[in-house]
Amino acid sequence: MLDDFFTRALVAGIGIAIITGPLGCLVIWRRLSYFGDTLAHSALLGVTLAYAFSLNIAFSVFVISAVIALLLLNLQKRTRLAGDSLLGLLAHSTLAIGLVLIGFLSSIRFDIMGLLFGDILAVTVEDIALVWIGGFIILGILYFIWKSLFSATVNYDLASAEGMKPNIYNMIFTLLLAGVIALSIKMIGTLLITGLLIIPAAASRNITNNPKQMVFVAILIGILSVTIGLFTSLELNTSSGPSIIVIALILFIISLIPLELRGKLQK
Amino acid sequence: MSKNNLLVSLENAGIYKSPKWLIRGVSLEVKSGQIVTLIGPNGSGKTTTAKMILNILEPDEGSLKRYTNKIAYVPQKINIDWTMPLRVVDFMRLTNNLSDNEIIESLNQTGVEKLFKEQIHGLSGGEFQRVLLSRAIAKKPELLVLDEPVQGVDFNGEIDLYNIIKNISANLNCGILLVSHDLHFVMSATDHVVCLNGHICCSGKPSSVIKDEAYIELFGEHRSKTLTYYQHDHDHTHASDGSVSS
């Protein structure tokens, strides 16, 4: 069954959607969209280093993302520049360093479009194993730390006062986010991965009224986006990453409709 | 747990935030069954002191000793973004696992059980304050820290909530640390008063604190006296639109 490139893409993509659902919700609750974007930009550097030193791409991206996250924490202690300025600084400088390094690696054949937008149709069986095993680990950890992480998301002081140890779990969450980006970078690409984190979660928020519901609906919307996106990509011969994000956007627009209707009915 | 067990003690503690000490030299204790109140003007370090007790802020000098982990907290301000869909029932379960019945029971104590399935975002300031207090009660804490728990609550509601707070201390035998502006309640219902202004101005039983010169200086002679002995007798009632009816 996994002989077919399209089936492989579908299996990997659905795996990614299941991981990005809950993490995406946390990203928008914690207002970390730009942070996710920064990690994704730095992933290009991770990929370049992986090629340069023949490392596993997911591993290299994970390490670089984790280093960037730590750097950010360190910078926040050293300067009073606002968080978004620091993120912008890290995002674009790591992206630039990555692109400069690519220039040095001219001997290696590089598919820069694939890096930026993902190449879900070049997914191997190993990639699928990586996504599903890695995803299983990430979701398993998330399940165990959910209560602490969630309470710290609602109110840090309250969680801290009532013994939920939010600083430890915030750190773990950052590593999980780096992990998700590492797993999905090859298929979705550095420029679009934040989209798959945020858009299904945002669409889900429009039609749900409690946190668990929002997480599950975000997963469903993610799976729908990946599935319809891949079929579209096959039919219309478009890049897979952008196709998935466009479908997610369409689902987001649809999610706005019931809200509008409800508003009109109340008037 | 018996009465007068030491729950938490702060010794000569202070928090430094460049370029000054927010609060310094604070020593205080909370025992079970006791209500300790922190009073003082804005910026006098009341919330900072409460946060030290809760271990949210680590003292830069001095030390904190805690003898219980069953702690509940009602913070001064909580903003929950619309992005987070949250019903009252989800909020009640934030830091512990409660059955629906336990939740309804503690919402009932502050008179807001009908809000069970409501979205947090739709509550009024007073309703939210009651939910916050219910959530803390539901934890059956040994130490309860309340930072301005009646803000945004209307006058009669304020009396209700203060009565509930008195009852919690009696029924659960828990120690309460209360940050309050309401000198009347502080002086009539609490066991120990700590008057802060960047340091401890004076502290002790309410009856001795109101005679203390530092207290009178801080709150002004007139205000400290009138508020202390102030008794509010209604000779009329208000309809819900505010008009006076006798």
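Okay, before anything else, a word on labels: the helices and strands I'll mention are DSSP runs, H or I with at least four residues for a helix and E with at least two for a strand, and they're numbered from the N terminus. So when I say that Pro19(B) sits in the loop between E1 and E2 of chain B, you can find the spot.

Let's stay at that spot for a second. The peptide bond joining Ser18(B) and Pro19(B) is cis, with omega at about 5°. Most peptide bonds are trans, which is the reason for pointing it out.

Now, please keep in mind that this is a predicted model. How confident is the predictor? For the complex, it gives an ipTM of 0.84 and a pTM of 0.86. Chain B averages a pLDDT of 84, and 88% of its residues score at least 70. There's a weak patch, though: over residues 228–233 of chain B, pLDDT stays under 50, and the model has four contacts there beyond four places in sequence.

So what is chain B made of? Nine helices and eleven strands. It has 246 residues, and 43% of them count as buried. If you take the contacts in chain B with a separation of 6 or more, 65% of them come from residues 24 or more positions apart.

Back to our proline loop, since the strands on either side of it belong to a sheet. The sheet is open, has three strands in the order E2-E1-E4 of chain B, and pairs antiparallel. Which strands are at the edges? Those are E2, residues 20–31, and E4, residues 61–66, and each of them pairs on one side only. From one strand to the next, the twist averages 15°. E1(B) covers residues 6–17, and eight bridges hold it to E2(B) in the antiparallel sense. If you'd like a pair to click on, try Ser9(B), which stands opposite Glu29(B) in E2(B). And while you're looking at strands: in a regular strand the side chains alternate between the two faces of the sheet.

Something lies across this sheet, too. Helix H1 of chain B, residues 46–53, lies across E1, E2 and E4, and it runs at about 125° to E1(B). Move on from that helix towards E4 and you're in the loop that holds Asn55(B). Its phi is positive, near 70°, and it isn't a glycine. Is Asn55(B) buried, exposed or partly exposed? It counts as partly exposed, because it has 15 C-beta neighbours inside 10 Å.

Next, a hairpin further along chain B. Strand E8, residues 192–196, runs antiparallel to E9(B), and four bridges join them. Leu196(B) has Ile200(B) in E9(B) as its bridge partner. Three residues lie between the two strands, and there Gly198(B) takes a positive phi near 80°. E9(B) itself, residues 200–204, is mostly covered, with four of its five residues buried.

Let me also show you Glu158(B), in helix H5 of chain B, residues 155–171. It has 18 other C-beta atoms within 10 Å, so it's partly exposed; buried would take 20 or more. Setting aside neighbours within four places in sequence, Glu158(B) is in contact with Val150(B) and Val153(B). Asp182(B) is 24 residues away from it in sequence, and their C-alpha atoms are 9.9 Å apart.

Over to chain A. Arg31(A) is in the loop between helix H1 (5–29) and helix H2 (33–52) of that chain. It has a positive phi of about 55° although it's not a glycine. Arg31(A) is exposed, because it has just 11 other C-beta atoms within 10 Å, and the limit is 12 or fewer.

Here's a quick check on a helix. H10 of chain A has 26 residues, 211–236, and at 1.5 Å a residue it should span 38 Å. Its end C-alpha atoms are 36 Å apart, so that agrees. After H10(A) comes Asn237(A), with a positive phi near 55°.

Last stop: where the chains meet. How many residues of chain B are in contact with chain A? There are 19, and they touch 19 residues of chain A. On the chain B side, the largest share is three residues from strand E5, residues 71–74. By class, that side has 13 nonpolar, four polar and two charged residues.

Terms used. Residues numbered from 1 in each chain as written. Chains lettered and ligands numbered in written order. Contact = placed C-beta atoms within 7 Å. Nonpolar A, V, L, I, M, F, W, Y, C, P; charged D, E, K, R; others polar. Expected span 1.5 Å × (residues − 1). Pairing = 2+ DSSP bridges. Axes fitted to C-alpha atoms, helices over the stretch in contact; angles between N-to-C directions. pLDDT = per-residue confidence, 0-100.
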